[in-house]
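Visitor: I should like to understand how the descriptive terms applied to a protein model are justified. Would you take me through the reasoning?

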Amino acid sequence: MNRCLASRFCATRRAAALALGLLAFGLAPAALAQNQPRPFPANALRGALVVVQPPVIQLDGKSAQLSPGARIRGTNNMLLMSGSLLNQELLVNYTVEPNGLVHDVWILTEAEAAEKRKRAGE
């Protein structure tokens with residue numbers, strides 16, 4: 001009686017079930033997070049961003065600069081490179097470092113853009 005074939009089949013089946021369970025367990029938080037509003041810091045300002053030539057940007061038509069460790073997050077909260085946003089006017093929330101450089105930028109969804117937020121100079 002050869003038991004190797006049966007044990008291989010069972011082991012393969014168990015591994016597939018385990019992989020499927022881990023996949024479902026890993027995707028559950030991502031599915032739940034899609035409808036969660038992004039928490040912006042209280043000091044975040046609203047503005048229109050145009051990336052001119054990284055790290056040089058314009059915020060509401062005024063020249064500014066991204067900090068060396070600046071993070072730009074898209075509408076799906078994934079990091080974007082500033083070079084991929086050249087010459088696009090985007091409505092954003094952003095924070096400024098104490099030395100005046102723009103550090104965190106969030107490109108807004110339509111729902112987030114509808115919320116009221118303080119602009120620079122107000």
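Guide: Helices and strands here are DSSP runs, of at least four residues for a helix and at least two for a strand, numbered from the N terminus. On that basis the elements of this chain follow the order α-β-β-β-β-β-β-α from the N terminus, with two helices and six strands in the chain. Please note that the model is predicted.

Visitor: What share of the chain's residues counts as buried?

Guide: Of its 122 residues, 26% count as buried. The chain exposes about 8,700 Å², of which carbon and sulfur atoms supply 60%.

Visitor: Why is Ser67 called buried?

Guide: The term requires a relative accessible area under 20%. Ser67 has a relative accessibility of 5%, and therefore counts as buried. This residue lies in strand E3, which covers residues 62-73.

Visitor: What makes the approach of Ser67 to His103 a polar contact?

Guide: A polar contact needs a pair of N or O atoms within 3.5 Å. The side chains of Ser67 and His103 make such a contact at 2.8 Å. Apart from residues up to four places away in sequence, Ser67 touches His103, Glu97, Leu101 and Val102.

Visitor: Which residues have the most contacts inside the largest nonpolar core?

Guide: They are Leu49, Ile57, Leu59, Val92, Tyr94, Val102 and Val105, in a core of 15 residues. Two or more residues of this core come from each of strands E1 (45-53), E2 (56-59), E3, E5 (90-96) and E6 (102-107). In soluble globular proteins, nonpolar side chains tend to be buried together. Beyond its neighbours within four places in sequence, Val102 is in contact with several residues, including Ile57, Leu59, Ala64, Ser67 and Tyr94.

Visitor: How do you know that E3 pairs with E2?

Guide: Pairing requires at least two bridges between the strands. E2 and E3 are joined by four bridges and run antiparallel, which satisfies the requirement. Within this pairing, Val56 stands opposite Gln65 in E3. The hairpin of E2 and E3 has two residues between the strands, and Asp60 takes a positive phi near 55°.

Visitor: What joins E3 to E4 and to E6?

Guide: Two bridges join E3 to strand E4, residues 79-80, in the antiparallel sense; the criterion of at least two is thus met. Arg73 has Leu79 in E4 as its bridge partner. Five residues lie between E3 and E4 in their hairpin, where Asn77 in the turn has a positive phi of about 70°. With E6, E3 pairs over four bridges in the parallel sense, and Asp104 in E6 is the bridge partner of Arg71.

Visitor: How many aromatic pairs does a search of the whole structure find?

Guide: The search finds one.

Visitor: Why is the pair of Phe40 and Trp106 described as it is?

Guide: Two values decide the matter: ring centres must lie within 6.5 Å, and planes over 60 degrees apart count as edge-to-face. The centres of Phe40 and Trp106 are 5.5 Å apart and their planes stand at 75°, so the pair is edge-to-face. The pair links distant parts of the chain, 66 residues apart: Phe40 belongs to the loop between helix H1 (4-33) and E1, and Trp106 to strand E6.

Visitor: Are Phe40 and Trp106 buried or exposed?

Guide: Both Phe40 and Trp106 are buried.

Terms used: Residues numbered from 1 in each chain as written. Predicted model: local features only at pLDDT ≥ 70, side-chain atom pairs only at ≥ 80, totals over all residues. Heavy atoms only, no water. Buried < 20%, exposed > 50% of the residue type's maximum accessible area, 1.4 Å probe, protein only. Polar contact = N/O pair within 3.5 Å; in protein donor to acceptor, adjacent residues only side chain to side chain. Contact = heavy atoms within 4.5 Å. Core = buried A, V, L, I, M, F, W, Y, C linked by side-chain atoms within 4.5 Å. Areas by Shrake-Rupley, 256 points an atom, 1.4 Å probe, with all protein chains shown as cover. Phe/Tyr/Trp six-rings, centres within 6.5 Å; stacked < 30°, edge-to-face > 60°.
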